[in-house]
Amino acid sequence: METKHSANLLKWISDNFSTVFFISYEQVNMVSTFGAVMLKNLLARGCDLLGVNACKNLETQKLRFLDEGWEGAKAWSMMTVYSELPLADKQRIQKLEFLDDLEVINQLFEHYCIVCSYKDSASLGLNSITL
């Protein structure tokens with residue numbers, strides 16, 4: 001989706017909901033060498049990443065929401081999320097054939113993120129949600 005269209009959607013949600021929590025899973029750090037390779041591979045498969053300019057880093061991911069009227073946004077690389085998992089879950093993930101190399105896991109997980117954004121007019125404490 002082009003960035004202008006996702007911005008319109010995020011603005012619409014912000015304008016129409018006073019209490020809302022949104023979780024997105026996106027690419028990040030796409031300006032790195034590994035990110036460029038990811039982009040090239042996606043393009044070769046016919047998958048245009050039209051919103052790539054919002055995927056520069058964790059800050060640009062948060063700004064996608066904050067610029068459209070959301071109260072707050074938090075973002076974590078998947079490597080950060082992965083580091084918080086229990087050891088048993090990490091071991092299970094590492095048994096997957098394409099994720100059996102810690103260097104591959106690190107490269108891949110540093111290029112995806114979770115973003116949590118919120119508006120909390122009902123004072124539910126959405127700003128306190130964390131990993």
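The legends below describe close-up views of a predicted model of one protein chain. Local features are described where pLDDT is at least 70, and side-chain atom pairs count at pLDDT 80 or more, whereas totals for chains, interfaces and linings use all residues. Residues are numbered from 1 along each chain as its sequence is written, and side-chain values use heavy atoms, with hydrogens and water left out.

**Figure 1. The whole chain has six helices and three strands.**
Helices (H or I, at least four residues) and strands (E, at least two) are DSSP runs, numbered from the N terminus. Starting at that end, the order of elements is α-β-α-α-β-α-α-α-β. The C-alpha trace spans about 45 × 35 × 20 Å along its principal axes. The chain has 131 residues, of which 34% count as buried. Buried stands for under 20% relative accessible area, exposed for over 50%, and partly exposed for values in between, with a 1.4 Å probe and protein chains only. A contact is a pair of heavy atoms within 4.5 Å. Among contacts with a separation of 6 or more, 74% join residues 24 or more positions apart.

**Figure 2. Three strands form an open sheet in the order β1-β3-β2.**
The pairing in this sheet is antiparallel. Strands β1 and β2 (72-77) are the edges, each pairing on one side only. The average twist from one strand to the next is 15 degrees. Two strands count as paired if DSSP finds at least two bridges between them. Nine bridges connect β1 with β3, and six connect β2 with β3. On the β1 side, Phe 21 has Tyr 118 of β3 as its bridge partner, and Tyr 25 stands opposite Ile 114 of β3. On the β2 side, Lys 74 stands opposite Cys 116 of β3. Strand β3 is mostly covered, with eight of its nine residues buried.

**Figure 3. Helix α3 packs on the sheet.**
Helix α3 touches β1, β2 and β3. The direction of α3 makes about 155 degrees with that of β2. Axes here are lines fitted to C-alpha atoms, for helices over the stretch in contact, and angles between N-to-C directions run from 0 to 180 degrees.

**Figure 4. Helix α1 has a buried side and exposed residues on the other side.**
Helix α1 covers residues 3-16, 14 residues in total. At 1.5 Å a residue it should span 20 Å, and its end C-alpha atoms are 20 Å apart, which agrees. The expected span is 1.5 Å times one less than the number of residues. Ser 6, Ala 7, Leu 10, Ile 13 and Ser 14 are the buried residues of α1. These residues lie on the same side of α1 because they cover an arc of only 125 degrees around the axis. The arc is taken from the directions between the helix axis and the C-beta atoms. Lys 4, Asn 8 and Asp 15 are exposed on the other side. The cover over the buried residues includes β1, α3 (58-66) and β3.

**Figure 5. Cys 113 and Cys 116 are both without a disulfide partner.**
A disulfide is a pair of cysteine sulfur atoms within 2.5 Å, and a search of the whole structure finds zero. For Cys 113, the nearest cysteine sulfur is that of Cys 55, 7.4 Å away. For Cys 116, the closest cysteine sulfur is in Cys 113, at 9.9 Å, so the two are too far apart for a bond. Cys 113 is buried, with a relative accessible area of 0%. Cys 116 also counts as buried, because its relative accessibility is 9%.

**Figure 6. Leu 49 sits in the loop between α2 and α3.**
Leaving aside neighbours within four places in sequence, Leu 49 is in contact with Gln 27, Met 30, Leu 39 and Leu 42. The C-alpha atoms of Leu 49 and Thr 3 are 9.8 Å apart, although 46 residues separate them along the chain.

**Figure 7. Asn 29 and Ser 123 have positive phi values.**
Most residues other than glycine have a negative phi. Asn 29 has a phi of about 60 degrees. This residue is in the loop between β1 (19-27) and α2 (33-44), and Asn 29 counts as partly exposed because its relative accessibility is 23%. The phi of Ser 123 is near 55 degrees. Ser 123 lies in the segment after β3 (112-120) and is exposed, with a relative accessible area of 62%.
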